[in-house]
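Student: I am new to this structure, and I would like to learn how each description is justified. Could you show it to me and take my questions?

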Amino acid sequence: MTDTAKFALDGKEFEYPVMSGSVGPDVVDIRKLYAQTGAFTYDPGFTSTASCRSALTYIDGDEGVLLHRGYPIGELAEQSSFMEVAYLLLNGELPSADELQTFNTTITRHTMVHEQLAAFFRGFRRDAHPMAIMCGVVGALSAFYHDSTDIHDPVQRTIASHRLIAKIPTIAAMAHKYSVGQPFLYPDNSLSYTGNFLRMTFGVPAEPYEVNPAVERAMDRIFILHADHEQNASTSTVRLAGSSGANPFACIAAGIACLWGPAHGGANEAALNMLREIGTPERIPEFIARAKDKNDPFRLMGFGHRVYKNYDPRATVMQKTVREVFDALKVNDPLFETALRLEEIALSDDYFIEKKLFPNVDFYSGVILSAIGFPTEMFTVLFALARTVGWVAQWNEMITDPDQKIGRPRQLYTGPTQRSYVPVAER
Ligand code: SDX
C-alpha cells in the first residue's frame with residue numbers, strides 16, 4: 001500500500017500518512033483530519049477504526065487465525081497453560097521454567113482476598129446474577145488495595161495486575177458459593193491456578209475435594225481460549241476507562257460490565273439457553289427461520305463475529321474439548337448433538353454462508369461448562385475470569401503507550417439547532 005492516503009473535501013486535497021504493522025491491514029493516520037478539514041470521520045461500532053497500536057493479539061478474520069504474541073491459539077491451547085499464556089501476554093515472551101515458577105508463585109500468593117470483602121456479598125440477594133456480583137465486588141477492590149492504584153508507578157501497576165489475575169477466581173468462586181448458599185472456601189496454595197478455582201467453586205468444608213485432572217486441563221484450556229482478543233468491546237471499555245487515569249480495579253469492573261451483554265460475553269449463557277429452548281434437532285428449522293427473519297430480533301447465539309468471517313479457531317478447540325470432558329466425566333448431553341446439527345444446518349444455509357456467520361467461541365462453551373457442573377449464570381463469569389488476563393495486559397500496554405490520550409470520540413449531531421428558552425407560561 002502507498003505511504004500516504006489522499007483525501008479530497010470541498011475542492012481541497014489532503015494527504016495522510018499510511019502506517020503498517022507487522023502483519024494485517026495498514027492504517028491511515030487521520031489524527032490531524034479534523035484540524036485540517038473541519039470534518040469528523042463516521043464509524044459507528046468502529047468497524048473500520050483502529051483505536052490503538054497493540055502487540056498482544058492478532059486476528060485474521062478471513063483466515064480464522066488468532067495469535068497471542070505471535071503464537072497460534074491452537075498451539076497454545078494444546079501445549080501451554082493459562083498461567084503461561086498470562087505471562088506471555090503480560091511480558092511478550094514465553095517464560096523459562098524458572099520465570100514460570102516465579103510467576104505462578106507470585107500469583108498464588110495473591111489469591112486470598114481481604115477478609116472484609118466477604119461482607120460485600122451479604123448485600124446481594126441470593127438470586128443475584130453472579131455477573132452483577134462481579135461488577136460490584138471487583139469495583140470495590142480499589143477500596144481495599146489503595147497501595148496499588150497509582151497508575152504512574154510501574155511497581156504498583158505490576159502488583160495491581162497480579163492482584164487482579166490472582167483474585168478474580170477467588171471472587172468468581174465466592175459469587176457462585178453465595179448464590180448456592182454454601183460457605184466460601186479459602187484458596188489452597190498447593191493447587192494450580194485452575195485446580196484452585198475448581199476446588200473453591202465445587203469443594204465444601206465438610207470433605208476433601210479431589211481435582212479431576214481431565215476437567216482441570218479442559219478448564220485451563222477454556223481459560224486460554226478466552227484470555228485476549230484484540231480490541232473487542234470489553235477490552236475497548238477497559239482501555240477507555242483507563243485512558244482517564246481510573247485505577248485498574250475500576251477499569252476491570254467496567255470491562256466486566258461490558259462483557260455481560262448477550263452480544264458479547266453474555267452469548268455463552270444465551271447460546272446454551274437457546275439450545276435448551278430448541279431442545280431437539282427437529283425444532284432447528286424453526287429457529288433458523290427466526291434467525292433469518294428481519295422482523296424477528298432473534299439471532300443464533302454463539303454465531304457470527306465482527307472480525308471472524310471464517311470459523312472461529314477457538315470454537316474448533318472448544319468442540320474437541322466437549323468430547324474430552326464428556327469422556328472424562330462419562331456424561332453425554334443431547335444438547336451437544338443439537339448444537340452439532342444446528343451448526344451443520346446453519347453452515348449449509350445460504351443466509352449464513354452469504355453473511356459468513358460461523359460458530360464463535362461461545363457456541364460450544366456452554367455445553368462443556370454445564371457438563372462440568374457450572375450453572376448457566378456462571379458462564380460469563382468464567383469468561384470474565386479468563387479475560388481479566390487480557391484486560392490487564394491491554395491496560396498495561398495502553399498506560400505505557402506514548403500515543404495514548406484520554407479517549408473522547410466526537411459525533412454527528414442531529415438534534416435541534418440553537419433556540420431560545422420559552423417560559424412554561426408561554427408554552
Ligand atoms: C464475543 O469482538 C470480539 O472479539 C468478541 C469476542 C471476544 O473474544 O472478545 O470474540 C467474544 O463477543 C463473540 C460474539 C458472541 N456474540 C454472539 O454470539 C451473539 C450473536 N452474534 C451477533 O449478535 C453478531 O454476530 C455479533 C454481535 C457477534 C457481530 O455483529 P456485527 O459484526 O455487528 O454484525 P452485524 O450485527 O452487522 O451482522 C451482520 C449481518 C446482519 O444482517 P444484515 O443487517 O446485514 O441483513 O449478519 C446478521 C445480522 O442480522 N447476523 C446474524 C447473526 N449475527 C449477525 N443473523 C442471525 N444470527 C446471528 N447470530
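Tutor: Let's begin at a turn: β5 and β6 form a hairpin with two residues between them, and Arg69 in that turn has a positive phi of about 50°. Please keep in mind that this is a predicted model.

Student: How do you know that β5 and β6 are paired, and in which sense do they run?

Tutor: Two strands count as paired if there are at least two bridges between them. Strand β5, residues 65-68, is joined to β6 by two bridges, so the pair meets that cut-off. The two strands run antiparallel.

Student: Which residues of β6 are the bridge partners of Leu67 and His68?

Tutor: Leu67 has Pro72 as its bridge partner, and His68 has Tyr71.

Student: How many bridges join β4 to β5?

Tutor: There are four, and these strands also run antiparallel. With at least two bridges needed, β4 and β5 therefore count as a pair. Within this pair, Tyr58 stands opposite Leu67 of β5. The β4 and β5 hairpin has four residues between its strands, and Gly64 there takes a positive phi near 70°.

Student: What is the order of the strands in this open sheet?

Tutor: The order is β4-β5-β6, with antiparallel pairing.

Student: Why are β4 and β6 said to stand at the edges?

Tutor: Each has a single partner strand, so one side of β4 (57-60) and one side of β6 (71-72) are left without a neighbour in the sheet.

Student: Which other strands form an open sheet of three?

Tutor: Those are β1, β2 and β3, in the order β1-β2-β3, again with antiparallel pairing. Here β1 (4-9) and β3 (27-28) are the edge strands, because each has a single partner and so has one side without a neighbour.

Student: What makes β1 and β2 a pair?

Tutor: Six bridges link β1 to strand β2, residues 12-19, in the antiparallel sense. The cut-off is at least two, so the pairing is met. As an example, Thr4 stands opposite Pro17 in β2.

Student: Where is Asp10 found, and is it buried or exposed?

Tutor: Asp10 is in the loop between β1 and β2. Its relative accessible area is 69%, and exposed means over 50%, so Asp10 is exposed. Asp10 also has a positive phi of about 50°, although it is not a glycine.

Student: Why is Glu230 called partly exposed?

Tutor: The range for that name lies between the buried cut-off of under 20% and the exposed cut-off of over 50%. Glu230 has a relative accessible area of 21%, so it falls in that range. Glu230 is placed in the loop between α9 (213-225) and α10. Its phi is near 55°, a positive value in a residue other than glycine.

Student: Which residues of α10 are buried, and what covers them?

Tutor: In helix α10, residues 233-243, the buried ones are Ser234, Thr235, Val238, Arg239, Gly242 and Ser243. Their cover includes α11 (248-259) and α18 (379-399). After α10 comes Gly245, with a positive phi near 95°.

Student: What makes Arg276 partly exposed?

Tutor: Arg276, in helix α12 (residues 267-278), has a relative accessible area of 41%. This value is not under 20% and not over 50%, so Arg276 is partly exposed.

Student: Which residues is Arg276 in contact with, leaving aside its neighbours within four places in sequence?

Tutor: They are Leu335, Ser370 and Thr376; contact here means heavy atoms within 4.5 Å. Arg276 and Glu13, by comparison, are 57 Å apart from C-alpha to C-alpha, and 263 residues apart in sequence.

Student: Let's step back to the whole protein. How many helices and strands are there?

Tutor: There are 18 helices and six strands. The radius of gyration is 23 Å, close to the 22 Å that the globule rule gives for 427 residues, so the protein is as compact as a globular protein of that length.

Student: How much of the protein is buried, and what share of contacts join residues at least 24 apart?

Tutor: Buried residues make up 48% of the 427 residues. Among contacts between residues at least 6 apart in sequence, 70% join residues at least 24 apart.

Notes: Residues are numbered from 1 along each chain as its sequence is written. This is a predicted model: local features need pLDDT of at least 70, side-chain atom pairs count only at pLDDT 80 or more; totals for chains, interfaces and linings use all residues. Side-chain values use heavy atoms; hydrogens and water are left out. The radius of gyration is taken over C-alpha atoms; the globule rule is 2.2 Å times the number of residues to the power 0.38. Buried means under 20% relative accessible area, exposed over 50%, partly exposed in between (1.4 Å probe, protein chains only).
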